[in-house]
Amino acid sequence: MNEENKKKVIQTFWEKQDHPNHSKQHEGEIWFRRFYDEIEFLLKDCKKGSILDMGFGSGDFLKYMSADYERVVGFDFSPAMCEKAKQLAEQLQLSNVTIYNGNVVNVDEVVKGEKFDCIVSFGVFQYITAAEAKISIEKASKLLKENGCIYILGIPDANMKVMHDIGVFHFAKNTKFSFRGMMKAILRLKYHEVKNSKQLKPKIDSFGYWHWRAEYREIADSLGLKYQIVNSIYEPYGYRFNIKLWN
Ligand SMILES: C[S@@+](CC[C@H](N)C(=O)[O-])C[C@H]1O[C@@H](n2cnc3c(N)ncnc32)[C@H](O)[C@@H]1O
């Protein structure tokens, strides 16, 4: 599938979604809280002034951010998601939250020049290419207040894709290594490889683009930003990485 088609599939998929689809078994308040705990942990050094959430999904993190930060601005390119988030903000009377509709690649136009102590994007950069990530990060870095930081979280790690596909990150906790288990995993990988190559219609799951850590190092270096890469606090998400960028 070429880039244009992939982009269309991603956009059409999210346009109608009003749930972030972390995955079927990750629905409900307890999971939003769990994911927000991760965000809170990773952003612990950030000043609790103003925060921008790029690609907020259903807006369920906005309600936690509203309590933690003085000012919260969020946007998403999905009209259905924005509607859901607006309803939630109204229902909970989140008076310090502003919601926009927009694309991370045009973040500067979306937030109309406002500056932030903290800019976060969780589970979103997998839907854009590395070239677009660079554009977005460059624009976002110009919207930072002094000592502000950008956090791009939950990026699927291209280095880990094979391990993810053979199910390494889905093994139950105390699973012991076995030769039989390894052979089954390899067969599973081969099956997916063949199945995907035969697929005529593009299939969209929770992953879009798997990114290389090195791409982000290059982006940071080329923009003169400092950066730090950290893994998830939750074991099963070892196939994703998080990056903090600052001036
Ligand atoms: C997996 S959901 C994550 C939502 C939220 N951050 C969360 O973790 O619950 C991905 C979200 O990113 C949004 N999205 C994808 N590509 C985007 C883009 N280029 N600009 C803005 N939002 C985008 C989708 O509409 C969707 O709401």
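**Exercise 1.** Determine how the shell around the ligand divides by residue class.

*Solution.* Begin with the class counts, which are 13 nonpolar, six polar and one charged residues, where Ala, Val, Leu, Ile, Met, Phe, Trp, Tyr, Cys and Pro count as nonpolar, Asp, Glu, Lys and Arg as charged, and the others, Gly among them, as polar. Then turn to the members: 20 residues surround the ligand, the closest being Trp 14, Pro 20, Gly 55, Gly 57 and Ser 78, with nearness meaning that the C-beta atom, placed from the backbone, lies within 6 Å of the molecule. The model is predicted, and local features need pLDDT of at least 70, side-chain atom pairs count only at pLDDT 80 or more, while totals for chains, interfaces and linings use all residues. Residues are numbered from 1 along each chain as its sequence is written.

**Exercise 2.** Work out which residues of helix H9 (residues 213–223) are buried, and how they are arranged about its axis.

*Solution.* First, list the buried residues of H9, namely Tyr 216, Ile 219 and Ala 220; buried means 20 or more other C-beta atoms within 10 Å of the residue's own, exposed 12 or fewer, and partly exposed in between, with C-beta atoms placed from the backbone. Helices (H or I, at least four residues) and strands (E, at least two) are DSSP runs, numbered from the N terminus. Next, view H9 down its axis: the buried residues fall within an arc of 95°, taken over the directions from the helix axis to the C-beta atoms, so they line one face of the helix. Finally, the face turned away from the buried side carries the exposed residues Ala 214, Asp 221 and Ser 222.
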